[in-house]
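These are my notebook entries on a predicted model. I looked up empty spaces, strand pairing and charged contacts, in that order.

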Amino acid sequence: MTFQPWQLVWHDEFDDAEIDRTRWCLETGYIGASNAEMEIYTDRPENLRLQNGMLVIEARQELLQGYRYTSGRLSTCGLHAWTYGRFEARLKLPFGQGLWPAFWMLGDDVAETGWPECGEIDIMEAKGKAPDMVRGTIHGPGYFRDDSVGLDYFLKGQRFADDFHLLALEWEPDQLRWYVDDKLYNTLTPGDVPGKWVFDHPFYIILNVAVGGFWPGFPDETTTFPQFMLVDYVRVYQRR
């Protein structure tokens, strides 16, 4: 099979003065109940801002509307969605017990079909207590939460908080491939999942930093705040 080269079709370099609302929806409120998260998301510059040519997502320990932590979450929901492509972001991650940064995608039919039937692709999610690790995984009907299908990638002698790294997914018909700094570390096909393959329709992008939750655990006395996920850019490519 011969593929055409990847061509850039959408991107944000975060070089403007403010977050571009034609590219991003700033999602606010308490969204993480199903995961037992502890943060409330806001659109305040304390939690979401552009600074020095980067998107800054800041998780803070502060009391707001009854929640002990605030953070930021933004997505392309309702604005941009894609079927297949290469999705990449250059990221520097937060660290510490209970931090849960993520660069991920949801099927844009989530409002109609629900989760996990819509499909979820985690291009990168990380546990702050394991700062040398990121995970790439998928959720769908019959394989979600603890039964999701994916793989972990480990840096050698480094933390993802120490420098920027390129996290990427290449999504073709019937195949998903995960990369860290252009190193392929996982490939999944329909034969690898114990249920229906639901990755053949449009998905949108999400970037966020959660605080607490069943998967990463919860902050403790070792966790320091504020914590930051820095995003140098997000780029989407497709075959033409």
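Entry 1, the cavity. I listed the residues around the largest cavity and found L93, P94, A126, K127, G128, A130, P131, M133, F160 and A161 in its lining. I then sorted this lining by class, which gave 8 nonpolar, 1 polar and 1 charged residues. The volume of the largest cavity came to about 40 Å³. I searched the whole structure for cavities of 30 Å³ or more, and the search returned 1.

Entry 2, the pocket. I turned next to open space and noted a volume of about 640 Å³ for the largest pocket. Its lining comprises 27 residues, and those nearest the centre of the pocket are N35, W100, W115, E120 and R145. I recorded the classes of the lining of the largest pocket as 11 nonpolar, 8 polar and 8 charged. Which strands each supply at least two residues of this lining? I found four entries to write down: strand 9, strand 10, strand 11 (133-139) and strand 16 (203-211). Strand 9 gives the largest share of the lining, with 4 residues.

Entry 3, the open sheet. I traced an open sheet of 7 strands with antiparallel pairing, in the order 2-7-16-9-10-11-12. I asked which strands stand at its edges. They are strand 2 (25-26) and strand 12 (149-154); each has a single partner strand, so one side of each lacks a neighbour in the sheet. Within this order I examined the pairing of strand 9 (residues 99-107) with strand 10 (residues 120-125), which is antiparallel and has 5 bridges. As one position in that pairing, I noted A102 opposite E125 of strand 10.

Entry 4, a hairpin. I looked up strand 14 (residues 175-180) and strand 15 (residues 183-188), and found them antiparallel and joined by 5 bridges. W178 has N186, in strand 15, as its bridge partner. The two strands form a hairpin with 2 residues between them. In the turn, I recorded a positive phi of about 50° for D181.

Entry 5, salt bridges. I counted 17 salt bridges in the structure, and I examined three pairs individually.

For D20 and R23, I noted a salt bridge between the side chains at 2.9 Å, N to O. Is D20 buried or exposed? With a relative accessible area of 18%, D20 is buried, because the cut-off for buried is under 20%. R23, at 21% relative accessibility, counts as partly exposed.

For R90 and D232, the side chains meet in a salt bridge at 2.8 Å, N to O. This pair links distant parts of the chain, as R90 lies in strand 8 (residues 85-92) and D232 in strand 17 (residues 227-239), 142 residues apart. I recorded R90 as partly exposed, with a relative accessible area of 29%.

For D162 and R159, the closest N and O atoms of the salt bridge are 2.9 Å apart. D162 is partly exposed at a relative accessible area of 42%, and R159 is partly exposed at 29% relative accessibility.

I also looked for salt bridges that share partners, and found one network joining R86, E88, E170, E172, R177, D182 and R239.

Definitions and conventions
Residues numbered from 1 in each chain as written. Predicted model: local features only at pLDDT ≥ 70, side-chain atom pairs only at ≥ 80, totals over all residues. Heavy atoms only, no water. Salt bridge = Lys/Arg side-chain N within 4 Å of Asp/Glu carboxyl O. Buried < 20%, exposed > 50% of the residue type's maximum accessible area, 1.4 Å probe, protein only. Pairing = 2+ DSSP bridges. 1 Å grid on protein atoms, 1.4 Å probe; cavity = no way out; pocket = protein on both sides within 12 Å on 5 of 7 lines; lining within 4 Å. Points joined across faces, edges and corners; volume = space filled by probe spheres on them. Nonpolar A, V, L, I, M, F, W, Y, C, P; charged D, E, K, R; others polar.
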